[in-house]
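Hi everyone, thanks for making room for me today. Let me put the structure on the screen, and then I'll talk you through one helix and the cysteines.

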Amino acid sequence: MTPAFQALLDRCLALPGVAAYGLRGPDRSFQHRANTDWFHAEQLQKLVAQLAQALEGLRGREIDVSHACWVFEHARLFIAQRDDGTVLVLFAENRPSLQLADCQQVLDDFLRL
């Protein structure tokens, strides 16, 4: 992993309200880090894989999606997938003070790396 890529991942967790990230490589390798005990590694890995499948399903229906956000009562899940197949998911608290623009900027930077 390049230093720029690692710095981006570190920046993810520094964002207020971001609880965890999951990163799935094109070879299905998996990395994660969490600020809370809400998520366990196995749970994050399954969620990231299923969300990546959801993006692929949308593309299969000719819907051009590079990133998306699912909003739940207590959480927001931000996902982006690069052209090489690498997927990043941010797990954030769904709270009024969450800086959506900052989360979006991390996803945009991820797509440009």
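Let's begin at the end of the helix: right after H2 comes Glu-62, with a positive phi, near 60°. Please keep in mind that this is a predicted model.

Now back along the helix itself. H2 runs over residues 41-60, 20 residues in total. From first C-alpha to last, H2 reaches 29 Å, close to the 28 Å expected at 1.5 Å a residue.

Which residues of H2 are buried? They are Leu-44, Val-48, Leu-51, Ala-52 and Leu-55. These buried residues cover an arc of only 100° around the axis, so they sit on the same side of H2. As a reminder, an α-helix has 3.6 residues a turn, so residues three or four places apart point the same way. Turn to the other side of H2 and you find Glu-42, Gln-50, Gln-53 and Gly-60 exposed.

And what do the buried residues of H2 pack against? Strands, namely E1 (18-24), E2 (30-34), E3 (67-71), E4 (75-81) and E5 (87-93).

On to the cysteines. How many disulfides does a search of the whole structure find? The count is 0. Take Cys-12: the closest cysteine sulfur is in Cys-103, 8.4 Å away, which is too far for a bond. Cys-12 is also buried, with a relative accessible area of 0%. For Cys-69, the closest cysteine sulfur is again in Cys-103, at 8.2 Å, too far for a bond as well. Cys-69 is partly exposed, with a relative accessible area of 37%.

Thanks for listening, and I'm happy to rotate the view for anyone.

How values were computed:
Residues numbered from 1 in each chain as written. Predicted model: local features only at pLDDT ≥ 70, side-chain atom pairs only at ≥ 80, totals over all residues. Heavy atoms only, no water. Helix = DSSP H or I, 4+ residues; strand = E, 2+ residues; numbered from the N terminus. Expected span 1.5 Å × (residues − 1). Buried < 20%, exposed > 50% of the residue type's maximum accessible area, 1.4 Å probe, protein only. Arc of directions from axis to C-beta. Contact = heavy atoms within 4.5 Å. Disulfide = S-S within 2.5 Å.
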